[in-house]
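Colleague: Can you walk me through the charge pairs and the surface of this model?

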Amino acid sequence: MDTGLVTTLIVIGVVVVVLVVIGIWFWSSQKSLVALQQRVDTAWAEIAAQLHERAELLPTIVDTVQGHAAHEKSVLTAVTDARAETLAAHDAVAASTAEGHMQKALKSVFRVAEGYPQLQSSQSFLELQSRLVSTEDKIQSARRHYNGGVRELNTKVRSFPASSIAKRRGVGPAPFFETAEPAAIAEPPRVQF
């Protein structure tokens, strides 16, 4: 065999192998970006479901507290407004703002409830409080899961060479679910009677 032909075949073989490796790398990077985006979307859906569940619970809590503390209109109005803001939030940025307001409003309601012994002993209020605490725990868990996925996605999207694929596929960094006051959501409102 001619050495020129052998050299040409070797060069073609190396080029083919390099192209196959690059193709596999692009395919796996795209697949991992799609998987991360799906993970973030699924985690957000869980947060949205938990926020909606809590929003559905709030009118009953407001009615129960209002029955015992009717003159606390401003506190009850703040909860109603925070509920409306939460239901109107359709992304992590708006939900983060709404969450800060919600946590502040809920803490105010439970602070008011502490001043009413008949409310503290009400079985329905205690059950509502227990359901709210359970829902708050689920929101915190879903928030940690979502933010973990966002952190992973954002790292991948900003790292070369995956960043070049992300730009072409329209995958960008996702916002974290956090508030301007991290202490407001660090611990769900808990009241021990």
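**Salt bridges and a surface patch**

Modeller: The side chains of Arg54 and Glu136 meet in a salt bridge, 2.8 Å from N to O. Arg54 lies in helix H1 and Glu136 in helix H5, so the pair ties together parts that are 82 residues apart in sequence. Bear in mind that this is a predicted model.

Colleague: Is Arg54 buried or exposed?

Modeller: Buried means under 20% relative accessible area. Arg54 has a relative accessibility of 0%, so Arg54 counts as buried.

Colleague: Which residues are linked with Arg54 in a network of salt bridges?

Modeller: One partner is Glu136, which is buried at 0% relative accessible area. The network links Arg54 with Glu99 and Glu136.

Colleague: How far apart in sequence are the parts that Arg39 and Glu152 tie together?

Modeller: Arg39 forms a salt bridge with Glu152, with the closest N and O atoms 2.5 Å apart. Arg39 lies in helix H1 and Glu152 in helix H5 (residues 123-158), so the parts they tie together are separated by 113 residues.

Colleague: Which helix holds Arg83, the partner of Glu56?

Modeller: Glu56 and Arg83 form a salt bridge, their closest N and O atoms being 3.6 Å apart. Glu56 lies in helix H1, and Arg83 lies in helix H2 (residues 73-88).

Colleague: How much accessible area does the nonpolar patch on the surface have together?

Modeller: Val6, in helix H1 (residues 3-68), is partly exposed at 33% relative accessible area. Val6 forms the patch with Ile10, Val14, Val18, Ile22 and Phe26. Together they have about 460 Å².

Conventions:
Residues numbered from 1 in each chain as written. Predicted model: local features only at pLDDT ≥ 70, side-chain atom pairs only at ≥ 80, totals over all residues. Heavy atoms only, no water. Patch = residues over 30% accessible without salt bridge, like charges linked within 9 Å, V, L, I, M, F, W, Y side chains within 5 Å. Areas by Shrake-Rupley, 256 points an atom, 1.4 Å probe, with all protein chains shown as cover. Salt bridge = Lys/Arg side-chain N within 4 Å of Asp/Glu carboxyl O. Helix = DSSP H or I, 4+ residues; strand = E, 2+ residues; numbered from the N terminus. Buried < 20%, exposed > 50% of the residue type's maximum accessible area, 1.4 Å probe, protein only.
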